[in-house]
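Trainee: I should like to take a close look at a single part of this structure. Could you describe one strand, its partners in the sheet and its surroundings in a connected account?

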Amino acid sequence: MKNMIKHIIIAALLTSPVWSAPELVKPALSITPFTMKSSDGTMEIKMDDAGSLYFAGKHVASAHAGGKLTSPDGELLVKLNEKGIVLSRDGNAGEDPIAITQDGTWKQGGADLAWVDGKLDLGLGHFSITPKDSPSKRVATLCVLALVMGGPDGSLMISEQSFGPYTLIFEPSPKHSESESREGVKILTADKNKFELKDGEFWCNGKNYGKLPEGSRINLKNDKLTINGKEPAAAPK
């Protein structure tokens, strides 16, 4: 499914005037404009002729003919390998690998999920694509997997939750979390990370970052912590 674009180098053979050019390989992703909508009306994704993908008017990703989706900042989100298997940004295919064919058919565990008359039926709902004969259904299916379902291994899933006067944002969402509160202390454990509020001061994995402005947004992305968009410094001792 992910057929990487192959540059064909034609060299004149000095020993023979006869040569045959290899068959051209189609790009892994066809980049043509489309609009995709969810049946419940909550999601509409549009792609322009440059491969830019928009949700609610916001540029959320870009599709590349070579077979990948990137963030607006150029960060790899997912890609297709030479067999059409969907890989996460870390090269992980997940426990149950997913393949997407050139016509956008989702193949997983021996089952096929295909676009029929411009619709991809997910069981509890469907996505429709305009034009319904779009050659970019492979991109559309990849968008459903990456932007809606968090990628083949869940590494693109994002979760937010309140933590006292702050908001914690996890990328990816933790697989396990638990919280506890006692007088003057609030604790949240998310996978291997521990967040604490002690007498109004914010702690993460044993490091004190002091009192933060109310409403602060604390982001943990791939184990890197930022607070209000900046890498924080520990509170003075």
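Mentor: Four bridges join β18 to strand β19, which covers residues 201-204, and the two strands run antiparallel. The model in which this pairing appears is a predicted one. Two residue pairs show the register of β18 and β19: Glu196 stands opposite Trp203 in β19, and Phe195 faces Cys204 of that strand. The hairpin of β18 and β19 has two residues between the strands, and within this hairpin Asp199 adopts a positive phi near 50°.

On its other side, β18 is paired with β17. Strand β17, residues 185-190, and β18 are joined in the antiparallel sense by six bridges. Here Thr189 is the residue that stands opposite Lys194 in β18. The hairpin formed by β17 and β18 likewise has two residues between the strands, and Asp191 takes a positive phi near 55° in it.

These pairings belong to an open sheet of five strands, ordered β16-β17-β18-β19-β20, in which the pairing is antiparallel. The edges are occupied by β16 (177-182) and β20 (207-208), each of which pairs on one side only. As a general matter, strands of a sheet pair through backbone hydrogen bonds, in either a parallel or an antiparallel sense.

Within β18, Asn193 merits separate attention. Asn193 lies in this strand, which spans residues 193-198. Asn193 counts as buried because its relative accessible area is 10%, and the cut-off for that class is under 20%. Its side chain makes a polar contact with the side chain of Asn205, at 3.1 Å. When neighbours within four places in sequence are set aside, the residues in contact with Asn193 are Leu188, Asn205, Leu220 and Asp223.

Asn193 also takes part in lining a pocket. The second largest pocket holds about 230 Å³ of space. Of the 14 residues that line the second largest pocket, those closest to its centre are Pro172, Asp191, Asn193, Leu220 and Asp223. Asp191 therefore appears in two settings, since it is also the residue with positive phi in the hairpin of β17 and β18. The elements that contribute two or more residues to this lining are β15 and β21. By class, the lining of the second largest pocket comprises five nonpolar, three polar and six charged residues.The largest pocket has a volume of about 870 Å³. Of the 29 residues that line the largest pocket, Lys58, Val60, Pro72, Ile158 and Glu171 are the closest to its centre. Two or more residues of that lining come from each of β4 (58-64), α1 (137-148), β15 (166-171) and β21 (217-221). The residues lining the largest pocket divide into 14 nonpolar, eight polar and seven charged.

A further open sheet, of ten strands, has the order β7-β6-β5-β4-β3-β2-β1-β13-β12-β11, with antiparallel pairing. Strands β7 (86-88) and β11 (115-116) each have a single partner strand, so one side of each is left without a neighbour in the sheet.

Methods. Residues numbered from 1 in each chain as written. Predicted model: local features only at pLDDT ≥ 70, side-chain atom pairs only at ≥ 80, totals over all residues. Heavy atoms only, no water. Buried < 20%, exposed > 50% of the residue type's maximum accessible area, 1.4 Å probe, protein only. Polar contact = N/O pair within 3.5 Å; in protein donor to acceptor, adjacent residues only side chain to side chain. Contact = heavy atoms within 4.5 Å. Pairing = 2+ DSSP bridges. 1 Å grid on protein atoms, 1.4 Å probe; cavity = no way out; pocket = protein on both sides within 12 Å on 5 of 7 lines; lining within 4 Å. Points joined across faces, edges and corners; volume = space filled by probe spheres on them. Nonpolar A, V, L, I, M, F, W, Y, C, P; charged D, E, K, R; others polar.
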